[in-house]
Amino acid sequence: MSHLIDPRSRYARLDAPEQDQDFPGLDAELQPKADLGEESYRGSGRLEGLRALITGGDSGIGAATAIAYAREGADVAIAHLPEEQRDADRIVALVEEAGRRAVSLPVDLTTREACDELVEQAVAELGGLDVLVSNAGKQVSVPDITEITDEQFDLTMRTNVYAMFWLCRAAVPHLQPGSSIIITTSVQAYSPSDHLLDYATTKAAENGFGKALAKQLAPKGIRVNLVAPGPIWTPLQVVEGQPKEKLPMFGDKQPLARAGHPAELAPAYVFLASQEASYVVGETLNVNGGADSP
Ligand code: NAD
Ligand code: MG
């Protein structure tokens, strides 16, 4: 019997109903539900004994990564906004079910003090740090540059670029040779959409930052890599990431003709953190259903 899974039909076309949620949104309220790999992800000890901090680990790509990391043997701290406690509690329970330690750390990452404190808390709770996944992000769709407010531009920069920098700077002194940093960038870094001007700018900045930091930290034995997702079904897209009327078509234009689910991203984060990736440095791993990559 064949064990092949057809990537076109592993998940049905989303056909999501038009819907709305206030920022930051909850996985618990998404229709249809996103697959975080709860039923499907099987670990094989690839991250045994590692300690990971995942920002935005309550939902979407970060949550799928937290589940996979735990099943691969890692202890996990997940950072999230206080409003996301309901999602975070569910992921903490799944990590604990895998027999690993889980810590939920509510925080707003848009100040340096908060990022510094988060890293210290994670180190204290986990007894050290081996993997930083800088994944929290903000995406607001605005069709016209004249309608992008200073407040929005600043908040997108702070969440996606400044927080990443502050977190990496605070984490590096704690990282030993063999540890790694993984940054979530996007297909938007090099194939930007007209309605995601400020967001695409931050994703390109993240990509450049990750590649430069990779060169700086490789001589210390610390690997830095990035993941560039395509259209993935997560709260951020429903909250304000897409024009509402486009939600029912989300992902349809990919060569695989469907949106991706967070469960399809987690294996990339596992690979990049694993010791098998010892010669993978400064890579942007595209997981986008067949869209262009640089
Ligand atoms: P998501 O809504 O599940 O996750 C985003 C998370 O960011 C939230 O859960 C929240 O905890 C965190 N966050 C936002 N603002 C914050 C703040 N001020 N302080 C602390 N935390 C904050 O959506 P997702 O799609 O899984 O997003 C994860 C990453 O993936 C983001 O960096 C996003 O840009 C990137 N990405 C997503 C897609 C997609 O199609 N969903 C595509 C490419 C890249
Ligand atoms: Mg969330």
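A cavity is a set of grid points, taken over the protein atoms alone, where a 1.4 Å probe fits but cannot get out. In this predicted model, the largest cavity has a volume of about 60 Å³. The structure holds 1 cavity of 30 Å³ or more. The lining of the largest cavity comprises 14 residues, and those closest to its centre are Ser134, Asn135, Ala136, Thr159 and Asn160. Three elements, α4 (150-171), β5 (180-184) and α5 (197-217), each give two or more residues to this lining. The largest share comes from α4, which supplies 5 residues. By class, the lining of the largest cavity has 6 nonpolar, 6 polar and 2 charged residues.

Asn135, one of the residues closest to the centre of the largest cavity, is also in contact with strand β5 through Thr184. Thr184 is found in β5, and the side chain of Thr184 makes a polar contact of 2.8 Å with the side chain of Asn135. Thr184 counts as buried because its relative accessibility is 6%, and the cut-off for a buried residue is under 20%. Strand β5 is itself among the elements that give two or more residues to the lining of the largest cavity.The surroundings of ligand 1 were examined next. A total of 30 residues surround ligand 1, and the closest are Ser59, Glu84, Tyr199, Thr234 and Gln237. Among the polar atom pairs at this site, a polar side-chain atom of Asp58 lies 2.9 Å from an oxygen atom of ligand 1. An N or O atom in the side chain of Lys203 is likewise 2.9 Å from an oxygen atom of ligand 1. At Ile61 the backbone is involved, with a polar backbone atom 2.8 Å from an oxygen atom of the ligand. On its own, ligand 1 has 810 Å² of accessible area, of which the protein covers 98%. The elements that give two or more residues to the shell around ligand 1 are α1 (60-71), α5 and α6 (235-241). Of the elements, α6 gives the most to this shell, with 3 residues. The shell around ligand 1 divides into 12 nonpolar, 14 polar and 4 charged residues. Helix α5 thus appears in two settings: α5 gives two or more residues to the lining of the largest cavity, and two or more to the shell around ligand 1.

The second largest pocket holds about 160 Å³ of space. Its lining is formed by Asp27, Ala28, Lys33, Ala34, Leu36, Glu38, Arg86, Asp87 and Arg90. In this lining, 6 residues are charged and 3 are nonpolar, and no polar residue is present.

Several backbone features fall in the segment before β1 (51-55). The peptide bond from Phe23 to Pro24 is cis, with omega near 5 degrees, and Pro24 lies in that segment. A cis peptide bond also joins Gln31 and Pro32, with omega about -5 degrees. Pro32 is likewise placed in the segment before β1. Asp15, a residue other than glycine, has a positive phi, near 50 degrees, and Asp15 too lies in the segment before β1. Most residues other than glycine have a negative phi, and most peptide bonds are trans.

Two residues of the loop between α6 and α7 (266-273) were also noted. Pro243 is placed in this loop. Pro243 counts as buried because its relative accessibility is 18%, and buried means under 20%. In sequence, Pro243 and Pro143 are 100 residues apart, while in space the C-alpha to C-alpha distance between the two is 8.7 Å. Ala257 has its place in the loop between α6 and α7. The phi of Ala257 is near 60 degrees, a positive value in a residue other than glycine. Ala257 counts as partly exposed because its relative accessible area is 40%, a value between the cut-offs of 20% for buried and 50% for exposed.

Notes
Residues numbered from 1 in each chain as written. Chains lettered and ligands numbered in written order. Predicted model: local features only at pLDDT ≥ 70, side-chain atom pairs only at ≥ 80, totals over all residues. Heavy atoms only, no water. 1 Å grid on protein atoms, 1.4 Å probe; cavity = no way out; pocket = protein on both sides within 12 Å on 5 of 7 lines; lining within 4 Å. Points joined across faces, edges and corners; volume = space filled by probe spheres on them. Helix = DSSP H or I, 4+ residues; strand = E, 2+ residues; numbered from the N terminus. Nonpolar A, V, L, I, M, F, W, Y, C, P; charged D, E, K, R; others polar. Near = heavy atom within 4 Å. Polar contact = N/O pair within 3.5 Å; in protein donor to acceptor, adjacent residues only side chain to side chain. Areas by Shrake-Rupley, 256 points an atom, 1.4 Å probe, with all protein chains shown as cover. Buried < 20%, exposed > 50% of the residue type's maximum accessible area, 1.4 Å probe, protein only.
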